[in-house]
Amino acid sequence: MAGREEILGLFPDYFRKIWENTAEYGDSLQEIRLRAEQPILLLLSHKECFLAKDGSFTSKEGQALRVGKKDLEGILNHICRYSVYAFEEELRQGFLTVPGGHRIGVAGQVVMNETGGVKKLKNISYLNIRIAHEIIGAADSVMPFLYQNGQFINGMIISPPGCGKTTMLRDIVRQVSDGNSYGEGRCVGVVDERSEIAGSYMGMAQNRIGMRTDVLDNCPKATGMMMLIRSMAPKVVAVDEIGSTEDVQALLQVMRCGSGLIVTVHGSTMEEVRKKKYIGELLIQKAFGRYIVLGRKNGSCVIESIFDEDYNVCFRS
């Protein structure tokens, strides 16, 4: 749960009072959408509403508070500790992470470099404040399926957006790292390309990811996996949202080096994932002993099913 002071601390003093009511909903607040000259939108427990001019919530656009360009610039300056230039590299990637692991997505005018890459962002007019929610114990029910005789079994988490895959991945990393009733603690290497697993701020993890965990933050997955294997000798490597042939080749190399894997991939069913061309080589090599499929039921994130390496059902809700 995001603390009240953490949420209020995202805003400069002069703009803070209007957020006092919102800050009381840290357990259900997911996103704050700020767009210059547009109504402020909040996502609370997967339901959208507007922030009213008195700080309350409303479903009526006409009652919504609109954020001015100057206010939005003031919020960004405050988040960057009044030195936006110092955060230019992170902003170039389209986001930055703040204390507490909360992530600020940014959009605006893109300036390209001579090689066709993004040089910098300027005239930032859109902010998406994503509130971090780590849930200790989120992976408790899957941990028995990830071990056999004390040995870790490679796992793939399959999930559509918004069903808790990163939250589960983070808690698996914590439990594998610290050790649990099914196996002793192991060194875990995390490649956190979008700073969503560890939620690192200035290189330090803001989320609880275990005492034997090393993190490469804001690093491409394929590059980061090879860096970790060479430098940190992890027993298990964790990455979120594999989605390319390069990712798959790096995962296969990790396997060949003797490290375990815990990864996530977008998908709604086991059948859908098996049809993804870039996943094919992993399936042929039987890289994973467990496939954990997440979904949503009655508005809540649930584990729908767990399969073994031969796609036999180990668990179904």
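A pocket, as the word is used here, is an open set of grid points, where the 1 Å grid is laid over the protein atoms alone, with protein on both sides within 12 Å along at least five of seven lines. In this predicted model, the second largest pocket holds about 210 Å³ of space, while the largest pocket holds about 1,100 Å³. The points below take the two pockets in turn, and then move on to the cavities, to helix 7 and to one loop residue.

**The largest pocket**

- The space in the largest pocket comes to about 1,100 Å³, and among the 40 residues that line this pocket, those closest to its centre are Q30, H133, G162, G164 and T167.
- Two or more lining residues come from each of strand 1 (29-35), helix 5 (165-178), strand 17 (290-297) and strand 18 (300-308), and the element that gives the most is helix 5, with five residues.
- Sorted by class, the lining of the largest pocket is made up of 14 nonpolar, 15 polar and eleven charged residues.

**The second largest pocket**

- The second largest pocket has a volume of about 210 Å³, and it is lined by 14 residues, of which L76, V84, L91, L121 and I124 are the closest to its centre.
- At least two residues of this lining are supplied by each of helix 3 (69-79), helix 4 (88-92) and strand 9 (118-130), with strand 9 giving the most, namely five residues.
- The lining of the second largest pocket divides by class into six nonpolar, two polar and six charged residues.

**The cavities**

- Counting those of 30 Å³ or more, the model has two cavities.
- The largest cavity, with a volume of about 40 Å³, has a lining that consists of V191, D192, E193, R194, E196, I197, K221 and D240, and these residues divide into two nonpolar, no polar and six charged.
- The second largest cavity encloses about 30 Å³ of space, and the residues that line it are E134, I135, I136, T167, R170, D171, R174 and R208, which by class are two nonpolar, one polar and five charged.
- T167 therefore has a place in two of these descriptions, since it is one of the residues closest to the centre of the largest pocket and also one of those lining the second largest cavity.

**Helix 7**

- Helix 7 covers residues 245-256, and because a helix is expected to rise 1.5 Å a residue, its twelve residues should span 16 Å, which agrees with the 17 Å that separates its end C-alpha atoms.
- Several residues of helix 7 are buried, and these are D247, V248, A250, L251, L252 and V254.
- The cover over these buried residues includes helix 6 (221-231), strand 15 (236-239), strand 16 (260-266) and helix 9 (280-284).
- After helix 7 comes G258, a residue whose phi is positive, near 90°.

**The loop residue N298**

- N298 is found in the loop that lies between strand 17 and strand 18, two strands that each give two or more residues to the lining of the largest pocket.
- Because its relative accessible area is 79%, and exposed means over 50%, N298 counts as an exposed residue.
- Between the C-alpha atoms of N298 and V110 there is a separation of 41 Å, and along the chain these two residues are 188 residues apart.

Key: Residues are numbered from 1 along each chain as its sequence is written. This is a predicted model: local features need pLDDT of at least 70, side-chain atom pairs count only at pLDDT 80 or more; totals for chains, interfaces and linings use all residues. Side-chain values use heavy atoms; hydrogens and water are left out. On a 1 Å grid over the protein atoms alone, a cavity is a set of points where a 1.4 Å probe fits but cannot get out, and a pocket is an open set with protein on both sides within 12 Å along at least five of seven lines; lining residues have an atom within 4 Å of a point. Grid points are joined across faces, edges and corners, and a volume is the space filled by probe spheres set on the points. Ala, Val, Leu, Ile, Met, Phe, Trp, Tyr, Cys and Pro count as nonpolar, Asp, Glu, Lys and Arg as charged, and the others, Gly among them, as polar. Helices (H or I, at least four residues) and strands (E, at least two) are DSSP runs, numbered from the N terminus. The expected span of a helix is 1.5 Å times one less than its number of residues. Buried means under 20% relative accessible area, exposed over 50%, partly exposed in between (1.4 Å probe, protein chains only). Contact means heavy atoms within 4.5 Å.
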